[in-house]
Amino acid sequence: MDALQEQYSQLCSENVRKTNPYILHILQKVDEEIKKRPEGGITLNVAGNNHLVPVQKVTGEDFWLLTKVLKNQLRIHGLDVRYNSISDVGAYYASKLLQKQPNITYLNLMFNDIGPEGGELIAKALQKNKTLKYLRMTGNKIENTGGMVFAAMLQINASLEKLDLGDCDLGLQSVIAFSTVLTQNQAIKGINLNRPILYGEQEESTVHMGHMLKENHSLVELHMCKHGIKNFGMQQLCNALFLNSSLRYLDVSCNKITRDGMVYLADVLKSNTTLEVIDLSFNRIENAGAKYLSETLTSHNRSLKALSVVSNKIEGEGLVALSQSMKTNLMLSHIYIWGNKFDDATCVAYSDLMKSGRLKPDNTDVEPYVVDGHVYLAEVSNGLKRHYYWTPTYGEAYDHASTAGFALVPVGQHL
């Protein structure tokens, strides 16, 4: 078998196309990896936001030639072309790849200018595909039309385990369609429906998601950022969680949940033994909400491992209450508190937790430092999903400290 780099150059000359130097560079690296490691699957990473080498963004035509190279390449199990410009043309070739290349289990197409038509082509290809486990469509504006075809696909496809349709401009109709389909689909373990385009204040999407959680017993991870969830919506989700015994990761960050919503969550956490990660970042639970949670975590719940209350207008009293609950609740290992109002008592409380070894430095987003005898907290780049939109230039992209949510609840091979 010719080296991938040679095959690509040959295809370009046969089809009278210019070679993309970035693709050549990546294929050369993959060729070297195949020689070093003769066994095991390889992910081909052609990310368009790589700052270490000169990048010529991959177009639809470039992607066409790349898929031709990948034909019958049994070692390539994953393809990551995030932040390029493959558009609907590339989506057509991605759909062909899904039909013809049985080894691909991971496909990342996030932010590639794919529209409703491209989304439809990929969804239809997945109706017949039996091998893809994880698809990321994040940031491609497939809108309601594309969303509906993806929902229809989940009625047929029984192999896809994780689907990310965050920031895809889904409409209410498609969110409802997903919640309906997920009452039947038993294969999907994780779904991301962040930031749909919703009009109105009635929280229909959350009501339908609540109904789905009552029926579904296989979903492990659910992301519902920017759904406009208020306390009524939170009540609907919590009522469902009394009956659900599979969900381990609930993400309701960037919503409109306040202290009253925490009454329902604290109540469900008294009896729920499966939830391990809860992301409440960028809501407004304040001191009262933090206290409701800390009471439950102190006296009842022993299953929650990670809690994020970043930017929730919590002051010293609420933050200290949460730190106190960590002293008695030894299961809660990760807590994220940056963006709230720290006072001296808060700084001392979290500094003491870290000094005693109860809270590991990698498991929180603050670090204590002392000036003139006073303890202060600085922000550290740790979190539940810090590398959701980007990966760092240096260091480990999927390390536990910055992507703790996915480390604690692993669904799908990659983020």
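**Exercise 1. Determine which residues line the second largest cavity of this predicted model, and which elements supply them.**

Solution. Begin with the residues themselves: in this predicted model, the lining of the second largest cavity consists of V207, G210, H211, K214, Q236, N239 and A240. Next, assign them to secondary structure: the elements that give two or more residues to this lining are α8, covering residues 204–215, and α9, covering residues 231–241. Then compare the contributions, where α8 provides the largest share with four residues. Sorting the lining by class yields two nonpolar, four polar and one charged residues. Finally, the volume of the second largest cavity comes to about 30 Å³.

**Exercise 2. Describe the largest cavity by its volume, its lining and the strands that contribute to the lining.**

Solution. The starting point is the count, since the structure holds two cavities of 30 Å³ or more; the largest has a volume of about 60 Å³. Twelve residues line this largest cavity, and those that lie nearest its centre are K162, D164, N192, E221 and H223. The elements giving two or more residues to the lining are β5 (162–164), β6 (190–192) and β7 (221–223). As a last step, divide the lining of the largest cavity by class, which gives six nonpolar, three polar and three charged residues.

**Exercise 3. Identify the residues with the most contacts inside the largest nonpolar core, and list what I122 touches.**

Solution. The largest nonpolar core has 104 residues, and within it I122, L135 and F150 have the most contacts. Taking I122 and leaving aside residues up to four places away in sequence, one finds that I122 touches A91, A94, S95, L98, L109, I114, L135, M137 and F150. Two of the residues on that list, L135 and F150, are thus also named with I122 for the most contacts inside the core. Apart from the largest core lies another, of twelve residues, among them V220, V310, V409 and V411. As a general background to such cores, nonpolar side chains in soluble globular proteins tend to be buried together.

**Exercise 4. Work out how strands β12 and β13 are paired, and what joins them.**

Solution. First establish the sense of the pairing: β12, residues 366–371, and β13, residues 374–379, pair in the antiparallel sense over six bridges. Within this pairing, V370 stands opposite V375 in β13. The connection is then examined: β12 and β13 form a hairpin with two residues between them, and D372, which lies in the turn, has a positive phi of about 50°.

Terms used: Residues are numbered from 1 along each chain as its sequence is written. This is a predicted model: local features need pLDDT of at least 70, side-chain atom pairs count only at pLDDT 80 or more; totals for chains, interfaces and linings use all residues. Side-chain values use heavy atoms; hydrogens and water are left out. Two strands pair if DSSP finds at least two bridges between them. On a 1 Å grid over the protein atoms alone, a cavity is a set of points where a 1.4 Å probe fits but cannot get out, and a pocket is an open set with protein on both sides within 12 Å along at least five of seven lines; lining residues have an atom within 4 Å of a point. Grid points are joined across faces, edges and corners, and a volume is the space filled by probe spheres set on the points. Ala, Val, Leu, Ile, Met, Phe, Trp, Tyr, Cys and Pro count as nonpolar, Asp, Glu, Lys and Arg as charged, and the others, Gly among them, as polar. A nonpolar core is a set of buried Ala, Val, Leu, Ile, Met, Phe, Trp, Tyr and Cys residues joined through side-chain atoms within 4.5 Å. Buried means under 20% relative accessible area, exposed over 50%, partly exposed in between (1.4 Å probe, protein chains only). Contact means heavy atoms within 4.5 Å.
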